[in-house]
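Here is a quick walk through one protein chain, with the bench in mind. Have the sequence and the 3D view open as you read.

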Amino acid sequence: MTTLENPPTEAPAIDMDALMAFVGRAVGDAGATLNTALVVLGDRLGLYRDLAAHGPSTPAEVADRTGTAEPYVREWLNAQAAGDYVTYDPASARYTLEPEQAVALTVEDSPAFLPGLFQTALGALHGTEHIVEAARNGTGFGWHEHTHDVHAGTERFFRPGYHANLVAAWLPALDGVVDKLQRGATVADVGCGFGASTILMAQAFPASTFVGYDYHEGSIEAARERAAEAGVADRVRFAVATADGFDETGLDLVTMFDCLHDMGDPVGAGRHVLDALADDGTWMIVEPAAGDRVEDNLHPIGRAYYGFSTLLCTPSSLSQDVGLALGAQAGPARIHDVATAAGFGRFEVAAQTPFNLVYEVRR
């Protein structure tokens, strides 16, 4: 029986053109998801590098030069051509990696280098079942619980941007910091991962001393190996410690690269930084580029960051005490709130790139 309290509902009219347009986009997304694994495959097998070195090639030629099986290379090349990652010439049946794609897919020091992004995404997808359960239970899933692809891919993705910007632009944007580093400063790089940022600073400023901290022991082991390879182990050390548990004091500079939003208690970490800094010290925070409003971030970069935030960053925060879950798209206003709650009085955006915002924080 129909009553005023329970009026009949009618199914909304379906615009078939809009429906099929959405289905088409979704199919494209499924292809893009599969391409995540295909980019990692091409990177690991050296297929992109082979095409970049040898120019237009047949599947047989690529397979022969890379020591791989032609059927796999053939299907991989066709998938890459369908996604515009390589160009296919029907007349010659050859595939070409254009110069722009070659930079993005083979030049590891280029800020446009992409395989690390795909490696991170592939690793994040491996944790999906854990995230499903965590979302149902309101629990977390720690950074250390993810596969090696997450840890290594994150370093490969962010390192080219650090290489291009950290010494040349970001540090010079901070008031008086470069002068201190040139004279000889003490620096703590908190949440250092594999130590890419720490090592870059140590190479640029040999008069200063650096210590990198990360709670993930495997990352610290990798950082120590890389520091030795880079020849800076005499002025860089790495130690396992949380952001609110490292033991340095009187520091001239504390840096945090793309990790504050992953922390369970970023305010607590900030208070610890305040205690660790010298009176005229600087806290440098590098975070994923984001606006303060959701609508500011509804674009391809924001989509990727929200995806990583769902699968990596938010679960990481929720696995720790407090579990503030800032998310990878927190934006300047929320980072400012963290710094203010931690006791800092000066906060400003010092620099930015399409992928990062750099904050300068002082007493």
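## Ground rules

A residue counts as buried when its relative accessible area is under 20%, as exposed when that area is over 50%, and as partly exposed in between. R94, with a relative accessible area of 27%, is therefore partly exposed. One thing to keep in mind throughout: this is a predicted model.

## A greasy patch at the start of the chain

Begin with the nonpolar surface patch, which covers about 670 Å². Its members are I14, M16, L19, M20, F22, V23 and V27. Take L19 as an example: this residue sits in helix 1, which spans residues 16-45. L19 has 35% relative accessibility, so it falls in the partly exposed class.

## The annotated domain

According to an unreviewed UniProt entry, residues 183-289 carry the annotation "domain: Methyltransferase". In the model, that stretch is 33% helix and 33% strand. The C-alpha atoms at its two ends lie 31 Å apart.

## Strand 4 and its neighbours

Is strand 4 mostly covered or mostly open? Mostly covered: 5 of the 6 residues in this strand (residues 209-214) are buried. On one side, strand 4 pairs with strand 3 (residues 186-190), running parallel over 5 bridges. V187 has F210 of strand 4 as its bridge partner. To get from strand 3 to strand 4, the chain passes through helix 10 (residues 196-204), and this β-α-β crossover is right-handed.

Strand 4 also runs parallel to strand 5 (residues 236-240), again with 5 bridges joining the two. Here F210 turns up once more, this time with V236 in strand 5 as its bridge partner. Helix 11 (residues 217-230) goes together with strand 4 and strand 5 in a β-α-β unit, and this unit is right-handed. As a reminder for anyone looking at the strands on screen, side chains in a regular strand alternate between the two faces of the sheet.

## Salt bridges

How many salt bridges does a search of the whole structure find? The count is 22. One of them joins R94 to E61, with the closest N and O atoms 2.6 Å apart. R94 belongs to strand 2 (residues 94-96) and E61 to helix 3 (residues 59-66), so this pair ties together parts that are 33 residues apart in sequence. E61 is partly exposed at 27% relative accessibility, and R94 is also partly exposed, at 27%.

A second pair is E248 with R237, where the closest N and O atoms are 2.5 Å apart. E248 is in the loop between strand 5 and strand 6 (251-257), while R237 is in strand 5, so to speak 11 residues away, and the pair links distant parts of the chain. E248 is partly exposed with a relative accessible area of 23%, and R237 is partly exposed with 41%.

## One more pair and a network

Further along, the side chains of E348 and R346 form a salt bridge, at 3.5 Å from N to O. What are the relative accessible areas here? For E348 the value is 34%, which makes this residue partly exposed. R346 is partly exposed too, at 28% relative accessibility.

Salt bridges can also share partners, and in this model they join a set of residues into one network. Its members are D43, R49, E108, D109, E155, R156, R159 and R226.

Technical notes
Residues numbered from 1 in each chain as written. Predicted model: local features only at pLDDT ≥ 70, side-chain atom pairs only at ≥ 80, totals over all residues. Heavy atoms only, no water. Patch = residues over 30% accessible without salt bridge, like charges linked within 9 Å, V, L, I, M, F, W, Y side chains within 5 Å. Areas by Shrake-Rupley, 256 points an atom, 1.4 Å probe, with all protein chains shown as cover. Salt bridge = Lys/Arg side-chain N within 4 Å of Asp/Glu carboxyl O. Helix = DSSP H or I, 4+ residues; strand = E, 2+ residues; numbered from the N terminus. Buried < 20%, exposed > 50% of the residue type's maximum accessible area, 1.4 Å probe, protein only. UniProt positions renumbered as here; feature names shortened; annotations may be inferred. Pairing = 2+ DSSP bridges. Right-handed = clockwise from strand over helix to strand, strands pointing away.
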